Amino acid sequence: MFFRTVATSAAILVALAVTGAIAGPAWGPAPVTTHLRPATDSTAIGGALADGGAPGDYEVRESSVTIPLADGIEVGGLLREPIERGGSGGGSGGEPAEDRPGVVFVHGAGTGKAVDAFTLAATSLASAGITTLVPDKRLDNYSTRHRDYEAMALDYAHSVAYLRDVPGVDPDDVGLYAESEGAWVSPVMMVEDPRLAFQILVSAPVVPPRQQAAYAVDNYLRNTDVPGGVFRTIPRAVGMKLPGGGFEYADFDVRPWLKEQEDPILAVYGTKDASIPLEQGTRELLDDADDVTVRFYDHANHGINVETPEGLALHPDFAADLADWVLGLPRTASAPPQVAGAQPEQLYLAAPVPQPHWYGDGDWLVGMVVTAGGLLVVGPLLMGGVALVGRLARRRSGRPGVRLAPGLRAPLAALGAGSAATTIALVAYLAVVARLAMDYQKDAVVVQGGWIGVRLLGMAAVVAAALLLNRLRDLRGHLTLAPGAELAPGAEPPSRVEPVETPRTHHTSRAGAVVVSTGFWLTFLGATALLVTLAYWGAYQLGI
């Protein structure tokens, strides 16, 4: 019995491992073999004017403004103006500096309100003599599921028009500061509005969102030291059509827009940013656009912030470099060094994400899991209902009613409970790992031990399946016993069981047998569907 159980379990495990391997794409990003080498570790901007202005040279006047968009919609914003020190009125009550450049800030995915976004960068630029406008992001047509970068560009264009009308701003010297997701929006704006003078791209992915997401997940998981088997989930989660539809923007390609623009670009990255393909994005920018200046800031994160004893702060050289570049245009647009700063380290390329084979449609995946869960509920309810009727009948007649043959109930219950518990454990494990990865934390007990726990639960479900299949083979497919029939747990069933029955009890027992058998196969089918789904997500990998 023991060896037969082991052999059957091994066969099921191999079958699940093979199924999981062929059911969807593997994950093997190509390593970066040729690294980008900055010309110097200094981020200083070549061609900068000696008297161009530096952060702190001006007082800053901050004003809340309202920016009209199309269709009567309005958004708020914060306008920061440089005020000449010692001007009329004195201090912050003086007049704005005349004919200064202006910068409109374009939000990334994590920001929305002007009061919460770009505070340090916008204030620093204003204090160097550059008028800045941080508008609120329009959110009524923006969600996780639906985003339209070309429509967003049209909305931000109204902020550009607003800034051009601000006294003291040179309308022909207005540019954009776009961070992260905003770097998929600002190139569209530059093409649609040739009057825009320059573009600052902060942590620009350049590659399409789906590629960037897969790259970021891969990097985060590597930093968290997850087991190798977990990486299989990346293409299967990121590559599929997500449940409920939407997410069309995931394949938006900004490179055609970059190729059309002719204005200078300053691209900046933090070397501690694990979410962006730093070297790859730089190479593609250099290939697609003219007059690109690139700077890498050591130990800076996605927002070019560094850790200080007081908390996060802008990299100490960042604001001065921005001001030098903007105020020094057009000289700084092509002045050497073109690529400078700290050495970036990108280990793997961000590449197109393969489409899953079986679960490419997220609605199908969710439907499969929900249906399987429903079967695991309905099946036992059917069998339980017949069992309850049998107990009531036994009180009257003294004979047991229709029931599962001995040796089936326990492994069936273990299979159903084990497959459900493993599914819940896998979802919980991935959620915990995602939280650790996003927080740049490591926890070997959770990351390694949790994965072992998930796989042990899955193996327990497989052992239950092996016990059930072996018992079915012993019973030669006989699932139920009729009223009054008895069968020892280890005995083989007779070809026919013929207890003494009246015509009425005969029909009742036949109907009961059908219901019990139906409940059995529904439970078995639901558990099998969950096992196949678990195999798809990597719970049964054997190095295949």
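**Exercise 1. Place Thr111 in the chain and describe its surroundings.**

Step 1. Thr111 sits in the loop between E3 and helix H2 (119-127). The model used here is a predicted one.

Step 2. Next comes exposure. The relative accessible area of Thr111 is 24%. Buried means under 20% and exposed means over 50%, so Thr111 is partly exposed.

Step 3. Now the contacts. With neighbours within four places in sequence left aside, Thr111 is in contact with Ala117 and Lys137.

Step 4. Compare sequence and space for Thr111 and Asp136. They are 25 residues apart in sequence, and their C-alpha atoms are 8.9 Å apart in space.

**Exercise 2. Find the cavity in the structure and name what lines it.**

Step 1. Searching the whole structure for cavities of 30 Å³ or more gives one. The largest cavity has a volume of about 70 Å³.

Step 2. Read off the lining. Among the residues that line the largest cavity are Leu69, Val75, Pro135, Asp136, Lys137, Arg138 and Asp155.

Step 3. Which element gives the most to this lining? Helix H3 does, with four residues.

**Exercise 3. Work through the salt bridges of Arg138, Arg164 and Arg195.**

Step 1. The structure holds 13 salt bridges. In one of them, Arg138 pairs with Asp155, with 3.2 Å between the closest N and O atoms. Arg138 is in the loop between strand E4 (131-135) and helix H3 (149-164), while Asp155 is in helix H3, so the pair ties together parts that are 17 residues apart in sequence. Arg138 and Asp155 are both buried.

Step 2. Arg164 pairs with Asp193, and here the closest N and O atoms are 3.0 Å apart. This pair links distant parts of the chain, 29 residues apart: Arg164 belongs to helix H3, and Asp193 to the loop between helix H4 (186-192) and strand E6 (199-202). Arg164 has 13% relative accessibility and counts as buried.

Step 3. Arg195 and Asp172 form a salt bridge with an N to O distance of 2.7 Å. Since Arg195 is in the loop between H4 and E6 and Asp172 is in strand E5 (residues 169-179), the pair ties together parts that are 23 residues apart in sequence. Are these two residues buried, partly exposed or exposed? Arg195 is partly exposed at 40%, and Asp172 is partly exposed at 47%.

Step 4. Look for shared partners. Arg138, Asp140 and Asp155 are joined into one network by salt bridges that share partners.

**Exercise 4. Give the strand order of the sheet, then describe its edges and one pair inside it.**

Step 1. Nine strands form an open sheet with mixed pairing, in the order E1-E2-E4-E3-E5-E6-E7-E8-E11.

Step 2. Why do strands E1 (59-68) and E11 (339-341) stand at the edges? Each has a single partner strand, so one side of each is left without a neighbour in the sheet. From one strand to the next, the twist averages 20°.

Step 3. Strand E3 (residues 100-106) pairs with E4 in the parallel sense, over three bridges. Val104 has Leu133 in E4 as its bridge partner.

Step 4. Add the helix on the sheet. Helix H9 (residues 318-328) packs on the sheet and touches E3, E5, E6, strand E7 (265-270) and strand E8 (292-297). The direction of H9 makes about 155° with that of E6.

How values were computed:
Residues are numbered from 1 along each chain as its sequence is written. This is a predicted model: local features need pLDDT of at least 70, side-chain atom pairs count only at pLDDT 80 or more; totals for chains, interfaces and linings use all residues. Side-chain values use heavy atoms; hydrogens and water are left out. A salt bridge is a side-chain nitrogen of Lys or Arg within 4 Å of a carboxyl oxygen of Asp or Glu. Helices (H or I, at least four residues) and strands (E, at least two) are DSSP runs, numbered from the N terminus. Buried means under 20% relative accessible area, exposed over 50%, partly exposed in between (1.4 Å probe, protein chains only). Two strands pair if DSSP finds at least two bridges between them. Axes are lines fitted to C-alpha atoms, for helices over the stretch in contact, and angles run from 0 to 180 degrees between N-to-C directions. Contact means heavy atoms within 4.5 Å. On a 1 Å grid over the protein atoms alone, a cavity is a set of points where a 1.4 Å probe fits but cannot get out, and a pocket is an open set with protein on both sides within 12 Å along at least five of seven lines; lining residues have an atom within 4 Å of a point. Grid points are joined across faces, edges and corners, and a volume is the space filled by probe spheres set on the points.
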